[in-house]
Amino acid sequence: MTEETVGDESALGEREQALLALERRSWPGPGAKERAVRERLGLSPTRYYQLLNALLDDPRALAHDPVTVNRLRRVREERQRRR
């Protein structure tokens with residue numbers, strides 16, 4: 001963190017940054033991502049995806065990692081269109 005973001009209420013918290021960091025990675029096979037979610041974040045995969053979905057609507061997340069957030073928004077919109 002830079003001095004500018006310390007104490008800045010508009011900056012993402014550590015957990016939110018960790019969620020986006022996991023989404024930036026590519027995963028080798030089924031179950032690897034879910035295992036990392038449990039081990040690194042201490043969350044169930046269901047809770048992880050709930051938090052991630054809410055985070056995608058947060059303008060702070062878009063400012064922090066626009067590439068990842070926009071990619072995930074596109075994926076979410078495509079899934080919603082298919083329903």
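**Close-up views of a predicted model**

**View 1. Glu78 forms a salt bridge with Arg82, and their closest N and O atoms are 3.5 Å apart.** The two residues Glu78 and Arg82 both belong to helix H5, where they are four residues apart, about one turn of the helix. Salt bridges that share partners bring Glu78, Arg81 and Arg82 together in one network. As in every view described here, the structure shown is a predicted model. Within the network, the side chains of Glu78 and Arg81 also meet in a salt bridge, at 3.1 Å from N to O, and these two residues of helix H5 are three residues apart, again about one turn of the helix. Side chains of opposite charge can pair when their charged atoms come close. How accessible are the three partners, Glu78, Arg81 and Arg82? Glu78 has a relative accessibility of 33% and therefore counts as partly exposed, since partly exposed residues lie between the 20% and 50% cut-offs. Arg81, with a relative accessible area of 59%, is exposed, and Arg82 likewise counts as exposed, with a relative accessibility of 63%.

**View 2. Helix H5 covers residues 66–82 and is shown here along its length.** The helix has 17 residues and reaches 24 Å from its first C-alpha to its last, which is close to the 24 Å expected at 1.5 Å a residue. Which residues of H5 are buried? They are Thr68, Val69, Leu72 and Arg76. When the helix is seen down its axis, its buried residues fall within an arc of 90°, and therefore they line one face of H5. Against which helices do these buried residues pack? Their packing partners are helix H1 (14–24), helix H3 (45–55) and helix H4 (59–64). On the face of H5 turned away from the buried side, one finds the exposed residues Val67, Arg74, Arg81 and Arg82.

**View 3. Arg73, a residue of helix H5, is shown with the residues it contacts.** Once its neighbours within four places in sequence are left aside, Arg73 is in contact with Leu56, Asp57 and Leu62. The view also takes in Asn53, which is 20 residues from Arg73 in sequence, while the two are 8.8 Å apart in space, C-alpha to C-alpha. Arg73 is partly exposed, and its relative accessible area is 21%.

**View 4. A salt bridge joins the side chains of Lys33 and Glu23, at 2.6 Å from N to O.** Lys33 lies in helix H2 (residues 32–41) whereas Glu23 lies in helix H1, so this pair ties together parts that are ten residues apart in sequence. Are the two partners Lys33 and Glu23 buried or exposed? Lys33 is buried, with a relative accessible area of 14%, and Glu23 is buried as well, with a relative accessible area of 7%. A search of the whole structure finds six salt bridges, and the bridge between Lys33 and Glu23 shown here is one of them.

**View 5. The structure holds one aromatic pair.** The pair is formed by Tyr48 and Tyr49, whose rings are arranged edge-to-face, with 5.0 Å from centre to centre and 80° between the planes. Tyr48 is buried, with a relative accessible area of 0%, whereas Tyr49 counts as partly exposed at 34% relative accessibility.

**View 6. The charged end of Arg25 sits over the ring of Trp27.** In this view the student can look for the charged end of Arg25 and the centre of the Trp27 ring, which are 4.2 Å apart.

**View 7. The protein chain as a whole contains five helices and zero strands.** Followed from the N terminus on, its elements run α-α-α-α-α. What share of the 83 residues in the chain is buried? Buried residues make up 28% of them. Among the contacts in the chain with a separation of 6 or more, 47% are between residues 24 or more positions apart.

Key
Residues are numbered from 1 along each chain as its sequence is written. This is a predicted model: local features need pLDDT of at least 70, side-chain atom pairs count only at pLDDT 80 or more; totals for chains, interfaces and linings use all residues. Side-chain values use heavy atoms; hydrogens and water are left out. Rings of Phe, Tyr and Trp (its six-membered ring) pair if their centres lie within 6.5 Å; planes under 30 degrees apart count as stacked, over 60 as edge-to-face and the rest as tilted. Buried means under 20% relative accessible area, exposed over 50%, partly exposed in between (1.4 Å probe, protein chains only). A charge sits over a ring if NZ of Lys or CZ of Arg is within 6 Å of the ring centre and within 35 degrees of the ring normal. The expected span of a helix is 1.5 Å times one less than its number of residues. The arc is that of the directions from the helix axis to the C-beta atoms. Contact means heavy atoms within 4.5 Å. A salt bridge is a side-chain nitrogen of Lys or Arg within 4 Å of a carboxyl oxygen of Asp or Glu.
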